[in-house]
Amino acid sequence: MLPRSQIVLLISLITAGIISASSSRIDDYILDVILGIGINIILAVSLNLINGFTGQFSLGHAGFMAVGAYAAGTLTTGPGKVWFDASGASPALLFPFVLFAGGLTAAVVGLAVGAPSLRLKGDYLAIVTLGFGEIIKVILQNIEWLGGSRGMVGIPSYTSFFWCFGAAAVTIYAAWALVNSTLGRGFLAVADDEIAAEAMGLNTTRYKIIAFVTGAFFAGIAGGLYAHLKGYISPAGFDFNKSIEIVVMVILGGMGRHVGVVIAVVLLTVLSEKLRDFGDKRMIVYSALLILLMLTRPQGLFTWKPARKAITG
Amino acid sequence: MIEFLQQLINGISLGAIYALIALGYTMVYGVLRFINFAHSDVFMLGAFVGYYAVKKLGVPVGGLAGGLLVLCLAMSICAIVGILIERLAYRPLRSRPTLSVLITAIGVSLLLQNLGQSVFGANPKAFPRLFPETNLHLGQLSITSNQLLVIAVSLVLLAGLHFIVHRTKTGTAMRALSFNATASSLVGINNDRIISFTFGLGSALAGAGGILYAMNYPSIDPLMGTMPGLKAFVAAVLGGVGSLPGAALGGLLIGLIETFVAGTGWSTYRDAVAFAILILILLLRPAGLLGKSRSDKV
Amino acid sequence: MNRSPFHPSTFGSLFAAVCLSLAGCKPADTGGTSKDAGSGTGSGANPGKIRVGEYASLTGSEAAFGQSSHKGTQLAFEEINKSGGVLGRQIEHLVEDTQSKQGESATISKKFISRDKIVALLGEVASGRSLEAAPTCQAAGIPMISPSSTNPKVTEMGDYIFRVCFTDPFQGRLLSEFARKTLKAQRVAILSDTASAYSVGLAKFFKDPFMAGGGQIVLEQKYSSKDKDFKAQLTAIKAVNPDAICVPGYYTEAGLIVAQARQLGILVPIFGGDGWEAPQLIEIAGGKALENTYYSTHYSSENSDPLVQAFVAAFKARFNGETPDAMAALGYDSAKVLIDAIKRAGSTEGPKLRDAIAATKDFPCITGRTTLDASRNASKAAVILTVKDNKFKYVETVSP
Amino acid sequence: MNSTRAKPCPLLHLDNVTIRFGGLTAVSSVSASLGDNELTGLIGPNGAGKTTVFNMITGVYAPTEGAIHFQNKSVTGLKPFAITERGIARTFQNIRLFSSLSVFDNVRVAFHLHVTQNTAHSLTRGPKFRAEERDITDQTRALLDIFQLTRVQDEPAKSLPYGDQRRLEIVRALATRPKLLLLDEPAAGMNPAEKVELMKLIRFIREKFQLSILLVEHDMKVVMGICERIHVLEYGRKIAEGTPAEIRQHPAVVAAYLGKEITH
């Protein structure tokens, strides 16, 4: 029999499929916002694995999202389109492979970034990941066949409710499954006290890299979904402001709490939509609310402390 | 050769500006151990105080007195704003992990930027000429009086800060606080007062930086702090965050690197190269060039 | 045993709840919002207001351009409403801020179309954001007019997408002609903004015809939007001693570039495109530095044409004495072209409106008499301006 | 009590180990051997270099000169985690628990050395993975039972009283299944009654888990009370080695301590 967590995952996927089948009845705007939430969930949950559970402060998540977006876009729109069309399979069938390829590319870049830089700690790691994010952006700006600064245009809209929330469900499941295993307890130990973790025989660098690469992988998936939702991507859209946006969701969600992070994503995205009524004063209100939230709930919005029991499912 | 020397001048004067902003970052970091994201927006505020002092209050400019008056005004207003920000937004979170404060700082930064766009307007404004300006030519080389001023002011401020931190009672208290906040309060140091002072000083520096920056690049807008702020922060980390000479050195290096990268045909990769060098240096010296590595005691 | 919040069933049910509640809230939302109640479906027969959407970067890094453009559009709609509206109906001008952020435009265009039931969409300044919104408009059959997106791909998105500004190829060709014929420049250096799609595009479309015409690009240097120091690039340019320097960027940087070039003793002509057009250019660079610089544009606030002067006066009166720049003029024009088309179509239905916009011919815009060609791009004359004695001066007119 | 006298192949062997920090020689050619199932003490006045030796054995510092062998294999300069993998576990002078993790997880973490699962197994959660996780849980429970920590197993480690934290740290170290356990000043901050308990505990651990223990300790009463062999450091050099009785009489040791406390 399947473990309970996988049954839940399966049910989530089926639910997503059912909703997706009737998603044409949802109006375009609401659907766009909902899919945006799904993508943000993937981004925040995957960053949470790095920032929250493993305690490594990364400010370059948007860079991995960019890599995933461009890699996926290359396959469906850019030079890879030839191969994509020639395969003859229906785009809807190929899309998950495209997403996976995007995630994989981002994971490889994540490995290249993480392996040297994860030896650094705290603010130094933050600045180095920020630097890598900017480097990725500059490199993308200079690749002519990816559109350079002018961006990649006309990416088909393959991102459906099912793929978006299916991927979100898989991300949450994967993050949960990793954390609730011997490996994941290693993440928590590294976050808590690196020296003690080393003394327990944990190769802390390896744990950090696993968390980092996994996070980058899912950020890449989110990038692919994003590209095929909005239809247009440009390097400037993945700057460090985007990374900070994701960090804010993770911290408001209470760092290292899956549920909290998911709720924070939903709240922040919906809040941001609701604030449209303020017009050009929207960001003033948003930033004021952000400060107020932090001052009143500095530990994050959701902070019940889980009693970690012997879960083997 | 001429080109090289000219680029050297360009690089040093750009680096001096980064150093100026980096000093403020490093001061606050040295005491509180957190990145004050709003620093670059206080910097922006300094420039706008200067602008409105001339445009609305009609402070006469072009002479030395008027220029200095504007400079002092900007520094005082920024100091007050900095102290207020610390008191209202950071102090309530003092006992919390620095990440919470970081998010608040990001919030303050966004708030200042967006208030700026709303109040001042997003269009760039031409900054008035505060001091008499000339363009000096040494053979084929050229340098403006403003560039020289920035370099001079940076050096003076570095020396001044060094004096404050190492030779005054307040400075000793700042260092004690930076070393161990609990212990410093036990020996009778008023931590709140010292932190306020540090923020005031750092923000006054930012204000002065804003004015000098605007004099050199007379186009100011509410987002003008973001890029130099980011570069200056990189400079502070490169030099070893918390170290004053480190900030100056880091600023200078970033300025020179950017200039030479841009000047040698790699201008499209300029920011990438600057970051790549930062990363390389940090990998070799994880605490920055002049930073002291604080290894955990086992 | 007590359950942890991490328990699989907990997170799973939560996830399902999130999906369901969001999906579920939809019918209530569409039915319940009072906003939609008023103007209904937006068909021609409805006697209510005509809803027009505008999305602009009112905040964020490109707010300088977005705010200007928006003010122009706003002025145009206020004028038309004061004079009794169009087809006997008032225009309801809905505005959304894109925050200069990627991704917002797609969401906003969907909101405008599915929630607010707009009949047409105006925007954006930046091509990237126009490219996001265009597919939505095309799919929904709602015409979109971009005031100042110059990337050729924008109008290629479909037959509902128009623009009232130059395209990059047109202006690039024009600048290359000007450089070769008027400036007699053979060796040109380019200093372009690597982070700006407009600048990269214009540089590319300048370079190709210029080189095809026998010219030589001696050096290409780049900067990034929001940079303030260009001395490194300019020093390198000075070293190769070009006949002229092409700066296809926005006035926000071009002003500083010109000033710093002159400080470094670079006295050759510097020229650029319509991104330079703004009253702040002279303030930032100083009139003296701007001598021997040229830029192509479709508009100048100093133009003595009564139409332009009336616009400048009205704009100043409306916005605290602010002088309108090129973005403001284009924002104004995009609204005017739309209003004119609604008048001619006699309806606000998508296909009829589209055909009417496409038929725009010799329409007197602030930025020149405009005809929309078969590929839905504006075709109008360009003028080349220079600066003398702290004032913009006319040099020549180039017809398309 | 006299089962181990210098065996031909010792468990741990320090061979002329020296370490310098900058110009300062903190430890100067120290040699020592530890046998299987032996309870050894490392003592010396403040600043004698005890903790530095300890940190070299556990890989926090790499010795500048000399070599360290464990079970006849060199562990010189290995990283701390690699040394723990080889079978040396430690506690810290100023307790380093995973303070926000529960008592249960603190111990469970340490079992990672004995699992075969990898990242993919964590994701697929097959029957083998689940069996292994159950196994770890059971073993953790058993360990906590032995040391009477079961009733607090769901508390965060930081909320435990001091004595329990010390004990938990030892339990966590034991979970890595070491052949050598290094205790860094375990009696620090304990009252006399607790110290007696601690001595009992240490003896009990040695018997129960069949391992060697190296103890760095200030408290002479504890060291003299339980150690079979004692090494004495002063100013980074080894000045004496022997049984507690021998050490008590050793003139160099007496001189180093100026006669105080030695007589306990």
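In chain B of this predicted model, the mean positions of the 19 positive and 9 negative charges are 11 Å apart. In chain D, with 33 positive and 27 negative charges, the two mean positions are 2 Å apart.

**Chains B and D**

Chain B has 11 helices and four strands. Its radius of gyration is 19 Å, close to the 19 Å that the globule rule gives for 298 residues, so chain B is as compact as a globular protein of that length. Taken along the principal axes, the C-alpha atoms of chain B fill a box of roughly 60 × 50 × 35 Å.

Now for chain D, which comes to 10 helices and 10 strands. Here the radius of gyration is 19 Å and the globule rule gives 18 Å for 264 residues; the two values are close, so chain D too is as compact as a globular protein of its length. The C-alpha trace of chain D spans about 65 × 40 × 40 Å along its principal axes.

Chain C, with 400 residues, carries 14 helices and 15 strands. Here's how the three chains line up on burial and surface:

| Chain | Buried residues | Accessible surface | Carbon and sulfur part of the surface |
|---|---|---|---|
| Chain B | 61% of 298 residues | about 11,400 Å² | 70% |
| Chain C | 65% of 400 residues | about 13,000 Å² | 53% |
| Chain D | 54% of 264 residues | about 11,300 Å² | 53% |

If you care about contact order, look at contacts between residues at least 6 apart in sequence. In chain B, 76% of these join residues at least 24 apart. For chain C the figure is 66%, and for chain D it is 67%.

**Between the chains**

Five pairs of chains are in contact, and chains A and C share the most contacts. Chains C and D, on the other hand, have no contact joining them, and their closest C-alpha atoms lie 11 Å apart.

**Nonpolar cores**

In soluble globular proteins, nonpolar side chains tend to be buried together. In this model the largest nonpolar core holds 322 residues, and the members that touch the most others are A:Ile233, A:Phe238, B:Tyr90, C:Phe206, C:Phe271, D:Leu181 and D:Ile205. The biggest giver to this core is helix H2 of chain A (residues 28-53), with 17 residues. Another core lies apart from it and has 40 residues, including C:Phe77, C:Ile342, C:Ile357 and C:Ile366.

B:Tyr90 is worth a closer look. Setting aside neighbours within four places in sequence, its contacts are B:Phe34, B:Asn36, B:Ala38, B:Ile85, B:Val101, B:Thr104, B:Ala105, B:Val108 and B:Phe199.

**Two residues to click on**

B:Thr26 sits in helix H1 of chain B, which covers residues 2-32. Its relative accessibility is 1%, so B:Thr26 counts as buried. Beyond residues up to four places away in sequence, B:Thr26 touches B:Ala236, B:Gly240, B:Val241, B:Gly242, B:Ser243, B:Leu244 and B:Ala247.

A:Arg25 is in the loop between helix H1 (4-21) and H2 of chain A. This residue counts as exposed because its relative accessibility is 62%, and the cut-off for exposed is over 50%. C-alpha to C-alpha, A:Arg25 and A:Ile135 are 42 Å apart in space, with their positions 110 residues apart in sequence.

Key:
Residues numbered from 1 in each chain as written. Chains lettered and ligands numbered in written order. Predicted model: local features only at pLDDT ≥ 70, side-chain atom pairs only at ≥ 80, totals over all residues. Heavy atoms only, no water. Core = buried A, V, L, I, M, F, W, Y, C linked by side-chain atoms within 4.5 Å. Buried < 20%, exposed > 50% of the residue type's maximum accessible area, 1.4 Å probe, protein only. Helix = DSSP H or I, 4+ residues; strand = E, 2+ residues; numbered from the N terminus. Contact = heavy atoms within 4.5 Å. Rg over C-alpha atoms; globule rule 2.2 N^0.38 Å. Areas by Shrake-Rupley, 256 points an atom, 1.4 Å probe, with all protein chains shown as cover. Lys, Arg positive; Asp, Glu negative; His and termini not counted. Charge placed at Lys NZ, Arg CZ, Asp CG, Glu CD.
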